[in-house]
Amino acid sequence: VIQAAETLPSDFSGENTGAEIVLDRSGKYLYTSNRGNDSLQVFAIDPGNGTIRRIQIISTGGKTPRGFSIDPTGRFLLAGNQDSNQLAIFKVNAETGELSDTGQKFDVPSPVDVLFVPAK
């Protein structure tokens, strides 16, 4: 173990479990999700020693985020909110790794995983 990192805000006191962990294609940012706090976390990765530093916690706008994925272009992150039956879309800032909520949500029954498949 090199480091342990907290994924919850210091003032959160409810029950929580972690779900997905995704590394962006550049290897600069790590993303995680929390079920309970219903949030996504963004961590910057130090290229010298591999340690991480949390730079953002953002609400998924729904309940019980499970799987999420960054689209093949690296511009968007789609998060499945299982208990609110929706897929939420976030824009990824390529320079900072931070997420911004696009406000776009789609009704999807109990999404638990997000996978991009090449078109044929």
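In which order do four strands form an open sheet with antiparallel pairing? In this predicted model, one such open sheet of four strands follows the order β5-β6-β7-β8, and the pairing within it is antiparallel.

**View 1. The sheet that contains β5, β6, β7 and β8, and its edges.** The strands β5 and β8 (99-107) stand at the edges of this sheet, where each has a single partner strand, so one side of each is left without a neighbour in the sheet. From one strand to the next, the twist averages 20°. Although β5 (residues 65-70) is an edge strand of the sheet, five of its six residues are buried, so this strand is largely enclosed by the rest of the structure.

**View 2. The hairpin of β5 and β6.** Strand β5 and strand β6 (residues 76-81) run antiparallel and are joined by four bridges. Isoleucine 70 has leucine 77 of β6 as its bridge partner. Five residues lie between the two strands of the hairpin, and here glycine 74 takes a positive phi near 80°.

**View 3. The pairing of β6 with β7, and glutamine 86.** Six bridges hold β6 and β7 in an antiparallel pairing, in which alanine 79 stands opposite alanine 88 of β7. Glutamine 86, which also lies in strand β7, has a relative accessible area of 12%, a value under the 20% limit, and therefore counts as buried. Between glutamine 86 and isoleucine 57 there is a separation of 29 residues in sequence, while their C-alpha atoms are 19 Å apart in space.

**View 4. The salt bridge between aspartate 101 and lysine 105.** A search of the whole structure finds one salt bridge, and the pair that forms a salt bridge here is aspartate 101 with lysine 105, whose closest N and O atoms are 3.4 Å apart. Aspartate 101 has a relative accessibility of 36% and counts as partly exposed. Lysine 105 is likewise partly exposed, with a relative accessible area of 30%.

**View 5. The sheet that contains β1, β2, β3 and β4.** A further open sheet is formed by four strands in the order β1-β2-β3-β4, and its pairing is antiparallel. The strands at its edges are β1 (17-23) and β4 (52-59), each of which pairs on one side only. Neighbouring strands in this sheet are turned against each other by 20° on average, with direction ignored. Within the sheet, strand β2 (residues 29-35) pairs with strand β3 (residues 39-45) in the antiparallel sense over six bridges, and leucine 30 stands opposite phenylalanine 43 of β3.

**View 6. The hairpin of β3 and β4.** Strands β3 and β4 run antiparallel and are joined by seven bridges. The bridge partner of isoleucine 45 is isoleucine 52, which belongs to β4. This hairpin has six residues between its strands, and in it glycine 50 takes a positive phi near 80°.

**View 7. The largest pocket.** The space in the largest pocket amounts to about 280 Å³. Its lining consists of 17 residues, of which Asp24, Arg25, Ser26, Ile70 and Gly74 are the closest to the centre of the pocket. The elements that contribute two or more residues to this lining are β1 and β7 (86-92). By character, the lining residues divide into six nonpolar, five polar and six charged. Two of the residues closest to the pocket centre, Ile70 and Gly74, also appear in the view of the β5 and β6 hairpin, Ile70 as the bridge partner of leucine 77 and Gly74 as the glycine with a positive phi near 80°.

**View 8. Threonine 64 and serine 110, residues with positive phi that are not glycine.** Threonine 64 is placed in the loop between β4 and β5, and its phi is near 60°, a positive value in a residue other than glycine. With a relative accessible area of 16%, which falls under the 20% limit, threonine 64 is therefore buried. Serine 110, in the segment after β8, has a positive phi of about 45° although it is not a glycine. The relative accessible area of serine 110 is 39%, and this residue is partly exposed.

How values were computed. Residues numbered from 1 in each chain as written. Predicted model: local features only at pLDDT ≥ 70, side-chain atom pairs only at ≥ 80, totals over all residues. Heavy atoms only, no water. Pairing = 2+ DSSP bridges. Axes fitted to C-alpha atoms, helices over the stretch in contact; angles between N-to-C directions. Buried < 20%, exposed > 50% of the residue type's maximum accessible area, 1.4 Å probe, protein only. 1 Å grid on protein atoms, 1.4 Å probe; cavity = no way out; pocket = protein on both sides within 12 Å on 5 of 7 lines; lining within 4 Å. Points joined across faces, edges and corners; volume = space filled by probe spheres on them. Nonpolar A, V, L, I, M, F, W, Y, C, P; charged D, E, K, R; others polar. Salt bridge = Lys/Arg side-chain N within 4 Å of Asp/Glu carboxyl O.
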